Amino acid sequence: MEKKRSKDTSALWLPKSTPDWQLNVRGCQHGQAFTMDKELLAAKSAKFAARLKENPQEDLSNFLHSVPADAETIELVARFYHGYELQICSQNVVQLISVADYLEMTESHCKDNLLNKAVSYFQQRILPSWSETIKALQSTEKLFQQPLKLELVHACLDSIIRKAKDSPQLLGEPIRNSTANVDDSDEDYEIYKPNARRRLFDFDWKSEDLTTLSLQLYEPLMHGMNKHGVPSQYVAASLCDYIKKWVFCGRGEEAHKKRYQKDILEAVERLLPDEIGLLPCTLLFQMLRHAIYLEVTSDCRNGIEIRTGKQLDQATVQDLLIPSQGYSKVPQYDIQCVRRIVKVFYANYSSSNVSDVTGLIAVADLIEEFLAEVASDIDLKISTFVGLAEMLISASMGVKTNSDGIYRAVSIYLDKHRHMTESEREEVCQVLDFQNMSPQACDHAAKNESLPLRMVVQVLFAGQLHLRDTITKEVQSSDEKLVKEEAYEVNAPKLDLCEVKMRSEVEKMSKKVMQLERQCSMMRKEIENSSSLTVRKEKTSLWREMKRKFGCISSAHDSDCQLKKKKLPPRPKLGL
């Protein structure tokens with residue numbers, strides 16, 4: 001019987017391939033009793049009929065307790081085999097298939113049985129629809145073991161992944177990031193954006209949200225989307241919505257809620273694609289703060305720090321103010337975390353071979369503001385402050401024109417830590433470079449009572465050097481100006497004489513050109529006249545020769561003409 005049942009049901013809808021993910025299984029109990037007829041149930045259920053045949057006194061209530069379904073599903077099954085109309089929907093179809101498969105309510109046992117009806121509805125009404133598939137997938141959370149065994153969960157996940165690959169906008173609009181390529185993101189959005197006709201007539205294009213799924217369903221779903229090539233910007237948008245709903249909306253004080261949020265945050269970090277700029281830097285810092293509070297694993301925290309460091313040039317000083325774990329009433333900041341993030345930025349920047357220094361300038365300004373902000377922390381140690389200042393000096397090298405920002409932070413630190421000794425103040429001031437400070441900063445430092453006396457002397461000396469350099473530059477510039485003026489006055493007559501010579505040469509050349517043009521014109525006329533006379537003479541002699549050949553001119557006359565020609569003087573040539 002078991003082999004026959006499996007043969008009847010496996011060919012209906014179950015996928016042959018096994019899912020490539022693992023899911024956690026949770027149980028459920030039910031205790032509601034129903035009044036049912038054994039004979040009617042045996043007519044529809046091959047499994048109960050076999051049990052009843054072996055033991056006619058079989059207790060129906062004990063048998064129903066072994067059925068993997070809740071009370072509502074059992075009631076629907078009872079209504080079905082009592083002849084009532086069955087109301088199938090997305091919320092109960094998965095449970096009906098599970099119960100019908102368990103009870104062996106197949107077509108081989110009885111025509112128009114429950115399993116065939118439920119499977120047909122699942123194939124035709126549930127899987128083609130995005131919203132109905134998500135609702136059906138949500139219903140599997142009640143009793144997870146049987147739908148997972150029948151691969152109903154796998155069928156729903158596979159259907160959602162295929163739809164997301166064809167229409168990624170179902171996952172939500174991509175997050176617009178300031179450093180991302182705006183043109184490319186707009187182009188990608190236009191490709192997947194549904195047209196007006198679809199939005200008007202297709203009400204299912206974005207109706208159900210994936211964030212309603214539990215983590216045990218959402219994590220394998222997003223893993224499958226990454227594996228099957230769903231665009232990363234849409235996957236990141238869905239992950240962002242999910243973490244906002246379940247982690248950012250409120251911190252759970254209860255242990256179970258805090259543990260669930262920790263699991264979600266770790267899962268989201270694993271599922272995030274590796275591309276830079278998919279999420280805003282502010283959101284990554286928010287994830288980092290919650291990771292510290294929820295005490296996630298070191299791998300999860302390191303992963304968030306690396307993602308944040310790669311786009312540190314987008315951050316603000318408020319993002320860097322990460323509270324550290326402690327019991328102090330005064331807010332304290334996690335300085336070491338910031339240092340690790342900064343190191344990640346410079347390591348990634350040096351390995352990427354980027355020639356643009358805009359990011360370096362932005363990070364140098366950011367560290368400068370951060371140092372001034374944390375300098376007022378009473379508990380900030382001298383070694384930590386000096387380390388941050390040295391990091392700022394390294395970051396500012398080649399991109400900052402002066403070191404006024406470091407002096408500002410040192411001034412704040414000395415003012416907030418007045419209990420320090422003179423040697424400790426000198427240790428703090430070792431990071432100052434008075435030669436690289438602006439004159440305004442030097443004037444302020446000379447009057448700053450918080451600075452040690454030795455530092456004030458160095459400031460005054462640096463001010464004298466600044467003054468000397470300024471005077472030297474002004475004198476040199478004035479000397480260069482005088483030299484240029486004298487050189488111009490000496491060379492002015494020579495320049496005028498050269499201009500006169502050039503003008504005379506140009507006039508001579510123009511006269512020669514005009515004379516040559518006149519001569520060329522006369523020669524052209526002479527050539528034309530001589531060519532016309534030669535043509536006329538050739539035409540006359542040719543005519544006389546033709547007349548002689550035809551006998552129009554006698555030889556005597558011709559001889560007389562020749563005699564006359566000899567006697568006559570030659571005519572003068574015309575036109576010469």
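# Close-up views of a predicted all-helix model

**View 1. Helices α6 and α7 meet side by side.** The axes of α6 and α7 come within 9 Å of each other and cross at roughly 150°. The two helices are therefore roughly antiparallel, and α6 passes α7 in a left-handed crossing. On the α6 side, the contact is made by Val93, Val94, Leu96, Ile97, Ala100 and Asp101. On the α7 side, look for Leu114, Leu115, Ala118, Val119, Tyr121, Phe122 and Ile126. By class, the residues of this contact divide into 12 nonpolar, no polar and one charged. This is a predicted model, so please read each view with that in mind.

**View 2. The whole protein, to help you find your way.** Stepping back for a moment, the protein has 26 helices and zero strands. Of its 576 residues, 40% count as buried. Among contacts between residues at least 6 apart in sequence, 75% join residues at least 24 apart.

**View 3. Helix α6 within its surroundings.** How many of the 10 residues of helix α6 are buried? Nine of them are, so this helix, residues 93-102, is largely enclosed by the rest of the structure. The buried residues are Val93, Val94, Gln95, Leu96, Ile97, Ser98, Val99, Ala100 and Asp101. Several of these names will be familiar from the first view: Val93, Val94, Leu96, Ile97, Ala100 and Asp101 also take part in the contact with α7.

**View 4. Two loop residues with a positive phi.** Most residues other than glycine have a negative phi. The loop between α6 and α7 holds glutamate 104 and aspartate 112. Glutamate 104, just after α6, takes a positive phi of about 60°, although this residue is not a glycine. Aspartate 112 is not a glycine either, and has a positive phi of about 55°. Is each of these residues buried or exposed? Glutamate 104 is buried, with a relative accessible area of 2%, whereas aspartate 112 counts as exposed at 56% relative accessibility.

**View 5. Glutamine 91, on the way into α6.** Now move to the other end of α6. Glutamine 91 sits in the loop between α5 (71-81) and α6. At 42% relative accessibility, glutamine 91 counts as partly exposed. Which residues does glutamine 91 touch, not counting those up to four places away in sequence? They are Lys135 and Ser139. Glutamine 91 and isoleucine 134 are 43 residues apart in sequence, and their C-alpha atoms are 9.7 Å apart in space.

**View 6. Helix α8 and the helices around it.** Isoleucine 134 leads us to helix α8, which covers residues 130-139. Seven of its 10 residues are buried, so α8 is largely enclosed by the rest of the structure. These are Trp130, Ser131, Thr133, Ile134, Ala136, Leu137 and Ser139. Against which helices do the buried residues of α8 pack? They pack against α6, α7, α10 (152-166) and α13 (215-227).

**View 7. The largest nonpolar core.** This core has 142 residues, of which Phe122, Leu210, Met225, Met287 and Leu312 touch the most other members. The largest share of the core, 10 residues, comes from helix α16 (residues 281-294). Phe122 has appeared before, as one of the α7 residues in the contact with α6. For a closer look at one of these core residues, pick leucine 312. Leaving aside its neighbours within four places in sequence, leucine 312 is in contact with Cys281, Phe285, Leu320, Ile341, Val342, Phe345, Val363 and Leu366.

**View 8. Helices α22 and α23, a second pair.** The axes of helix α22 (residues 404-416) and helix α23 (residues 422-429) come within 10 Å and cross at roughly 160°. That makes α22 roughly antiparallel to α23. Is the crossing left-handed or right-handed? Here α22 passes α23 in a right-handed crossing. The contact is made by Val410, Tyr413 and Leu414 of α22, together with Arg425, Val428 and Cys429 of α23. By class, this contact has five nonpolar, no polar and one charged residues. For the pair in the first view, α6 passes α7 in a left-handed crossing.

Methods
Residues numbered from 1 in each chain as written. Predicted model: local features only at pLDDT ≥ 70, side-chain atom pairs only at ≥ 80, totals over all residues. Heavy atoms only, no water. Buried < 20%, exposed > 50% of the residue type's maximum accessible area, 1.4 Å probe, protein only. Helix = DSSP H or I, 4+ residues; strand = E, 2+ residues; numbered from the N terminus. Axes fitted to C-alpha atoms, helices over the stretch in contact; angles between N-to-C directions. Parallel < 35°, antiparallel > 145°, perpendicular 65-115°, else oblique. Left-handed = near helix turned anticlockwise from the far one by under 90°. Contact = heavy atoms within 4.5 Å. Nonpolar A, V, L, I, M, F, W, Y, C, P; charged D, E, K, R; others polar. Core = buried A, V, L, I, M, F, W, Y, C linked by side-chain atoms within 4.5 Å.
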